[in-house]
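Work through these short exercises with the structure open beside you. Try each task before you read its solution.

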Amino acid sequence: MSIDPALDFMPAYGAAERVCVGVRRLTARNTGPLTFRGTNCYLLGDSEITVIDPGPDDDAHVADLLAVAGAPIRRVLVTHDHADHAGAARRLSELTGAEVVGSAPIPSRPFYRPDGILADDETVATEIGPLRVVATPGHAAGHICFDLAGSSLLFSGDHVMAWSTSVVVPPDGRMADYMASLDRLAGVGARSYLPGHGGQVIDGLARVSELKRHRQAREAAILRALDSGERTIEEIVSAVYIGLDPALTGAAALSVTAHTDWLEERRLVRKAEGRLSRC
Ligand SMILES: [Zn+2]
């Protein structure tokens, strides 16, 4: 039996693994059905460190991060304001004096208060070269990716991963934005992606096309489920997600909601009293 290479990712917890020249990866121990083997924190540079996604606010993880750094951490960059990525930002900044810059926070996540917000196309200097900000809303409203200039390498956060699709959680996450952000990456041209969870995406553009096809197929399945009449979100989940791990039912319901919100925006579906139907 062959193992899917995207699932064959076994991080060495507590150790920074070199991914390529100037880039190391420390994976936090927050494994789970949505976080896979844990959140990846990337350390860029050897004499002056820029961290991309500090990870969860967890004692052991923050201690690991400080132990493996090997040089002063000058800057903490954040792809998006989910706690498994941005949770440790403030504590790391207090411990090291590093500035925190990254995606725009939403008010409901008070643990993430960056010193600066990065705009689309802005560049951030690092020891290994400038990182260009690519705005990729969808998984989270303020989600950004970082394109390492001249390297064909992009830090893709939770927007594009090899092991799984992204969860789009409304109202912060929007399917219309997520699909447009997939197209956006197709235009960036980076070949290989380093994601927030799991191993490297070797062929980023092929993965982007695959994710688009997956969402289009999911949308078609939701519309088919509505062909026979009105349905609730839960009824659509059981019609569309066959053999779903029960731990992922909540995530699937959110994903279906994101799809049906987008169908509503395009006036293909209407919602009344919690029940959905074709227009
Ligand atoms: Zn996330």
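The exercises below concern a predicted model.

**Exercise 1. Find the protein donors of the zinc ion, and say where they sit in the chain.**

Step 1. Start at the metal. Its protein donors are His80 (NE2), His82 (ND1), His139 (NE2) and Asp158 (OD). They lie 2.1 to 2.4 Å from the ion.

Step 2. Turn to the sequence. The spacing of the donor residues reads H-x1-H-x56-H-x18-D.

Step 3. Take the pair His80 and His139, which links distant parts of the chain, 59 residues apart. His80 belongs to the loop between strand S5 (73-78) and helix H2 (83-86). His139 belongs to the loop between strand S9 (131-135) and strand S10 (144-148).

Step 4. Check their surroundings. Both His80 and His139 are buried.

**Exercise 2. Explain why the arrangement around the zinc ion is irregular.**

Step 1. Look at the angles that the four donor atoms subtend: 89 to 170°.

Step 2. Apply the cut-off. A tetrahedral set needs all angles between 85 and 135 degrees.

Step 3. Conclude. The arrangement is irregular because the angles span 89 to 170°.

**Exercise 3. Trace the open sheet and the helices on it.**

Step 1. Order the strands. Seven of them run S1-S2-S3-S4-S5-S6-S7, with mixed pairing.

Step 2. Locate the edges. Strand S1 (17-20) and strand S7 (116-117) each pair on one side only.

Step 3. Zoom in on one pair. S2 (residues 23-27) and S3 (residues 40-44) run antiparallel, joined by five bridges. Leu26 faces Cys41 in S3.

Step 4. Add the helices. Helix H1 (residues 59-69) lies across S2, S3, S4 and S5, at about 155° to S2. Helix H3 (residues 89-96) touches S5 and S6, and its direction makes about 170° with that of S5.

Notes
Residues are numbered from 1 along each chain as its sequence is written. This is a predicted model: local features need pLDDT of at least 70, side-chain atom pairs count only at pLDDT 80 or more; totals for chains, interfaces and linings use all residues. Side-chain values use heavy atoms; hydrogens and water are left out. Donors are N, O and S atoms within 2.8 Å of the metal (3.2 Å for Na, K and Ca); water is not among the atoms, so sites may look incomplete. Four donors count as tetrahedral if all angles lie between 85 and 135 degrees; four count as square planar and six as octahedral if opposite donors are over 155 degrees apart and all others between 65 and 115; anything else is irregular. Helices (H or I, at least four residues) and strands (E, at least two) are DSSP runs, numbered from the N terminus. Buried means under 20% relative accessible area, exposed over 50%, partly exposed in between (1.4 Å probe, protein chains only). Two strands pair if DSSP finds at least two bridges between them. Contact means heavy atoms within 4.5 Å. Axes are lines fitted to C-alpha atoms, for helices over the stretch in contact, and angles run from 0 to 180 degrees between N-to-C directions.
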